[in-house]
Amino acid sequence: MNPNKTIKFLQDLIRIPSFSKLEDKTAHRIERWFIEHQIPFNRSHNNVWATNKYFDANKPNLLLNSHHDTVKPNQGYTRDPYEPKIENGKLYGLGSNDAGGALVSLISTFTHFYDHKNLNHNVIIAASAEEEISGQNSLKGLLKYLPKIDVALVGEPTLLKLAVAERGCLVVHIKIHGTPSHAAHPNEDNPIYKIPAFLDLARNITFNKTSSLLGGVKITPTIVKAGEKVHNVVPALVDFVLDVRINEYYTNEEVFEQIKEIFSEYEVTTKGFDLRSSSIPLNHPLVRAGTQLGTETYGSPTLSDMAALSCPSLKLGPGDSTRSHSADEFIYIDEIKEAMIFYKDLLTQFLKS
C-alpha cells in the first residue's frame, strides 16, 4: 500500500468533475487503477466493482464501498474546486473529504488484500455513483449485479470513528389547500393564513421511542412555496416539505402513517420509503475488530449508501463530515495515511480471525 500513489489517485479524481449522473470520467480513472494493478473489474453505468482473486462462492461476502460522485461546488469557494493543491498538510478540492479520501483508501486496501489466500470472507470493492442524490444507478441499483452481501463497510468521513447506526430519511410533501382569489376581494380561505397552525403541529410532533445512538425522530420543515409572481393573487395552496430523520426503532412507513394522521386535514404524500435507518450489532466481529484497535462507536445523523443495504453495515472513513459540501473542501494528508493503516489493520483482524 503506497500512500503517495493513493494520494495522487485522489488528486486525479479531484481534477475530474463528477456530479451525480455525470461520473463517467471518474469511473474511467478508477478503471485505470484496476488495469494498472492487473485486477479484473466490472462496470454497471458509472459503478465500478471487483472481487478478490480467490473468490469462493461458499464463503460470506464483505463489501467495501464508497462513492465517486460529488455535489456541485457552492458559491463560497475561494479556490478552484478542481485544483488538488496540497498546502500545510491539507489536500484541497471538491470531493476530497466527501468521500474521495475514503474511496481511494478503500480501493488501496482492497488492492492489498486482492490476492491474499485463505480469507474467511470474500472481499468486494464497489466505487459507486449517484450517492449524493440516492439515484437509481447508485449502490441500490448496483446490488442486483453483486453477489449477496453479508456485511458492509461504507467509506464516508467519520474521523475514523465507527458509525454503527445511521438515521433513515423520509421526505414528506404537504399541501395546504385554500381558495384562490383576487387580493382586493374578501377571502376567508387564504392558505397562507393556515401556515401558523401547520407549523405548530409540525413543531410538536413527538415519537416515543428514543435511541441511545441516534436520539429521537427529528422533523424539520425545509421548503415552503406559495404565491405567484404578482402581488394581487391569493394562491390556491401552500407547499411544504418536511425532512424527517428516523432512528432504528421505526420503519419509514410507520413514521409516514403517523404524520398522515396528524396532518389529516392536509394532503400528505411521499416519493418513497427506501432511505432507511441502518445499523450493525455492537458485538459484530467487524465492530469488535475496530474497537480493539482503539476507536469509538457512535450513531451518525447523516445519510449514506448504508441506506441501500439490508445487511449489517458499518460507516467508517477519514475526514470530517462537517467539511462535506463546504466551500474550499479539504482533507488532511495524514487522515488518508491513517485511514490506509486503519483499514488494513481492521480487515487483517476481521478477515483472518
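# Notebook: helix packing and some odd backbone spots

**Entry 1. H7 against H8.** I looked up the contact first: Pro 285, Leu 286, Ala 289, Gly 290 and Gln 292 of H7 meet Phe 342, Leu 346, Leu 347, Gln 349 and Phe 350 of H8. Contact means heavy atoms within 4.5 Å. By class, I get seven nonpolar residues, three polar and no charged. Ala, Val, Leu, Ile, Met, Phe, Trp, Tyr, Cys and Pro count as nonpolar, Asp, Glu, Lys and Arg as charged, and the others, Gly among them, as polar.

I noted the source before going on. This is a predicted model, with pLDDT of at least 70 needed for local features and 80 or more for side-chain atom pairs, while totals for chains, interfaces and linings use all residues. Numbering runs from 1 along each chain as its sequence is written, and side-chain values use heavy atoms, without hydrogens and water.

Helices (H or I, at least four residues) and strands (E, at least two) are DSSP runs, numbered from the N terminus. H7 covers residues 285-292 and H8 covers residues 333-351. Their axes are 9 Å apart, and the packing angle is about 130°. H7 is therefore oblique to H8. Axes are lines fitted to C-alpha atoms, for helices over the stretch in contact, with angles from 0 to 180 degrees between N-to-C directions. Under 35 degrees is roughly parallel, over 145 roughly antiparallel, 65 to 115 roughly perpendicular, and the rest oblique. The crossing of H7 past H8 is right-handed, meaning that the near helix is turned clockwise from the far one by less than a right angle.

**Entry 2. H3 against H8.** I then turned to the H3 side of H8. Here the axes come within 9 Å and cross at roughly 45°. This pair is oblique too, H3 to H8. The crossing is right-handed. From H3, the contact uses Gly 101, Ala 102, Ser 105, Leu 106, Ser 108, Thr 109, His 112 and Phe 113. From H8, I listed Ile 336, Ala 339, Met 340, Tyr 343, Lys 344, Leu 347, Thr 348 and Leu 351. The classes come out as nine nonpolar, six polar and one charged. Leu 347 of H8 also appears in the contact with H7.

**Entry 3. Inside H3.** I checked two residues of this helix. Ala 99 lies in H3. The peptide bond leading into Ala 99 from Asp 98 is cis, with omega near -5°. I flagged that bond. Thr 111 is also in H3. It counts as buried because its relative accessibility is 18%; buried is under 20% relative accessible area, exposed over 50%, partly exposed in between (1.4 Å probe, protein chains only). Beyond four places in sequence, Thr 111 contacts Trp 33, His 37 and Ile 39.

**Entry 4. H2.** Trp 33 sent me to H2. Thr 26, Ala 27, Arg 29, Ile 30, Glu 31, Trp 33 and Phe 34 are buried there. Their cover includes H1 (3-14), strands S1 (42-44), S2 (47-51) and S6 (122-128), and H3 (96-113). I checked the length as well. H2 runs over residues 24-36, 13 residues that should span 18 Å at 1.5 Å a residue, and the end C-alpha atoms are 19 Å apart, so the two agree. The expected span is 1.5 Å times one less than the number of residues. Just after H2, Gln 38 has a positive phi of about 55°.

**Entry 5. H1.** I ran the length check again. The 12 residues of H1 should span 16 Å and the end C-alpha atoms are 17 Å apart, which agrees. Its buried residues are Thr 6, Ile 7, Phe 9, Leu 10, Gln 11, Asp 12, Leu 13 and Ile 14. They pack against H2, H3 and H8, and against strands S4 (86-87), S5 (90-92) and S18 (330-332).

**Entry 6. The loop after S6.** Which residues of this loop have a positive phi without being glycine? I found Glu 130, at about 55°, and Ser 134, at about 50°. Glu 130 sits in the loop between S6 and H4 (139-142). Ser 134 is placed between S6 and H4 too. Glu 130 is buried, at 6% relative accessible area. Ser 134 is partly exposed, at 24%.

**Entry 7. Tyr 298.** Last, I looked up Tyr 298 in strand S16 (residues 297-300). At 24% relative accessibility, it counts as partly exposed. What does it touch beyond four places in sequence? I listed Thr 158, Lys 161, Leu 162, Ala 163, Val 164, Ala 165 and Leu 213. Tyr 298 and Val 164 are 134 residues apart in sequence, yet 6.1 Å apart in space, C-alpha to C-alpha.
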